[in-house]
Amino acid sequence: MKTPTLLLALAALATLVGCSRSRDTIKVGEYASLTGKEAGFGQTSHHGVVLAIEEINAAGGVLGKQLELVFEDNQTKPGESATAAKKLLSREKVVALIGEVSSGRSLEAAPIAQAAKIPMIAPAATNAKVTQVGNYIFRVCFIDPFQGTVMAKFAKDDLKAKKVAILSSVSNAYSLGLAKYFKETFVPAGGVVAAEKNFSEGDKDFRAQLTAVKAANVDAVFVPGYYTESALIVRQARELGLKMPFFGGDGWEDEQLLNIGGEALNGCFYSTHFSPENTDAAVAKFVAKYKGRWNGEVPGAFSALGYDAVYVLADAIKRAGTTDGPKLRDALAATKNFAGASGVTTLDQDRNASKPATIIALKGGKATFYKTVAP
Amino acid sequence: MTTQSESLNSQLSTPLSEFLQQLLNGLSLGAIYALIALGYTMVYGVLRFINFAHSDVFMVGAFIGYYAGKLVPENTIWGGLVVLALSMLGCAVLGMTIERLAYRPLRGAATLNVLITAIGVSLLLEYSGQVFFGAAPRTFPAIFPVKNFSVGGLVISTNQLSVIVVAALLMVALQFIVHRTKIGTAMRAVSLNPKAAQLVGINIDVVISFTFGLGSALAAAGGILYALNYPSIDPLMGVMPGLKAFVAAVLGGIGNIPGAALGGLILGTVETFVNGSQWSTYKDAIAFAILIIIMLFRPAGLLGKFTVEKV
């Protein structure tokens, strides 16, 4: 007879603790690829998110309450983001979702947030379709129609390329979208796409596609993929004797790119959201704080965007005066001229931000700032 | 790495040199499939079950190479060979341990039980790999010196060549072991009839242990060669190549050693040619469609012998 009483007492205690905790904190949910193939995306954005939450709490929190981060790892696996979002919404009762860097995984969670009428802010999902899921889905980065245009102009004006090849990933919404927008600018401007080849996520052998690209004799190759595949592509291309520049989008952004690709990446470029070399005061301040928090780790674009996503959310909660879903949504939609680490965020009627793109040049095993393109 | 192939950019690839280049790409990929397929086929030949953990032994092989590669100087032939030997040895021990702990207690049980155990061991290796090695991909060191030669419009990398050469040497060695040595004769005897083999004094446990060790060592070699060509390794890297190698083994006739080699080479070459064509999206679909077609016309595989099962 003793055990049930003890269990009951424990259960009652647990409920009490649970209640008291949920009363004085605001729960923010985050899902990210903290492990797996694209762990680099999840880790950097997560570090930015954690830093922002800690700063806000140190400064007294929001509406007199502390922010509590509840995060889930989707292991870079298809399907896991939806599970994580459901868990965060139904069990943890978070007031908003932060995630993801990848467009494909953001698209998995977005319908769930939309149905629950809980706002979701994607730090770096650039595919146009993400925010089209519904009026509760936001992002704090530019979108691929812009990024595709920037890279098409860059190819034409800076690389002086007339004939290019495109290698895109068929199982990736981001990659296909970016390839499409690139073509839409590059071809009307007089450029020729001489070869278009596909690969799948997780592929390691690209020699077949690259041999076909070599036969097409192009000036440059556009690879709108993620860093894991892109680094191997460039490496194998150099082994096959292809010497032209390769260039990609923000999916290339991770230190693993250079770890895998090494010297093969010399003379390659990619567009992204942010450069830690930017001398802007806000950026320098963010870089210093970030390095202090994460043992000298240099922040990447997704660190800055994760950081900004949290601040944009905190700002909206303050203006809404509540964490109630619909009201918070309206406040988020009204975000204007919000200065953050990745630039100024203004959300348009499609809930997208428009920000400058940064082009990074890869030289001597290092990523260096090349130029900024205004929207 | 790039300086070796200077004359290339100027030369426009002719259709013939493009064809030869793709053939070379395909053969080097196929050689790796063949090495993994040999392990599947050997275990099947002796025990009549598919060891699904084999593709994860392949992964462990690459990881042993990754850690051993840090102990020896990079870009030396002897260092590379030491790494290769260490990895093959480590995986042979791993394969024998798996057999001893997971499969031997089930010997004589229904095939389905063993099969499900094999899937369990496979998942155990994959996810303990994520715990011990971490889930993020790692960069495999360049343990062998790399050079690129150009012949006409054709670029040959020493990595691709060494894959084909090492695979061929190992296959010849395997053929020799199976057909010319005492233990090989015992393996074939166990494969033919385990009870009769026991009756003539063959120690079945030793033979099966040896088969697992040999197959796992080949998987380790495959893992190292794969990692040299595609230097990004992670705990789930064995899944796709493992599946392809399994298909290769079935394609060539499961249980048949030259069949596994042939199946691997066919699959690798077909995959590469499809990849280089406009149908690259359907790469895996076409590879598996070929399997289905061959199975329809030759149910025992290309080199397999169809046997009627007696009830």
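1. In this predicted model, helix α2 of chain A, which spans residues 39–58, lies across the three strands β1, β2 and β3 of chain A, and the helix runs at about 165° to β2(A). A second helix, α4 of chain A (residues 103–116), packs on the sheet as well, where α4 touches β1, β3, β4 (120–122) and β5 of chain A, and its direction makes about 160° with that of β4(A).

2. The sheet on which these helices rest deserves a description of its own. It is an open sheet of 5 strands in chain A, arranged in the order β2-β1-β3-β4-β5, and the pairing is parallel. Because β2 (66–73) and β5 (137–139) of chain A each have a single partner strand, they stand at the edges, and one side of each is left without a neighbour in the sheet. Neighbouring strands of this sheet are turned against each other by 25° on average, if direction is ignored.

3. One pairing can be followed down to single residues: strand β1 (residues 25–32) and strand β3 (residues 96–98) of chain A run parallel and are joined by 3 bridges. Val28(A), for example, has Ala96(A) in β3(A) as its bridge partner.

4. Turning to the contact between the chains, 31 residues of chain A are in contact with 31 residues of chain B. On the side of chain A that touches chain B, the elements giving two or more residues are β7 (192–199), α8 (207–216), α9 (227–239) and α10 (255–261) of chain A, and the largest share, 7 residues, comes from α8(A). Sorted by class, this side of chain A has 9 nonpolar, 12 polar and 10 charged residues.

Terms used
Residues are numbered from 1 along each chain as its sequence is written. Chains are lettered from A and ligands numbered from 1 in the order in which they are written. This is a predicted model: local features need pLDDT of at least 70, side-chain atom pairs count only at pLDDT 80 or more; totals for chains, interfaces and linings use all residues. Two strands pair if DSSP finds at least two bridges between them. Helices (H or I, at least four residues) and strands (E, at least two) are DSSP runs, numbered from the N terminus. Axes are lines fitted to C-alpha atoms, for helices over the stretch in contact, and angles run from 0 to 180 degrees between N-to-C directions. Two residues are in contact if their C-beta atoms, placed from the backbone, lie within 7 Å. Ala, Val, Leu, Ile, Met, Phe, Trp, Tyr, Cys and Pro count as nonpolar, Asp, Glu, Lys and Arg as charged, and the others, Gly among them, as polar.
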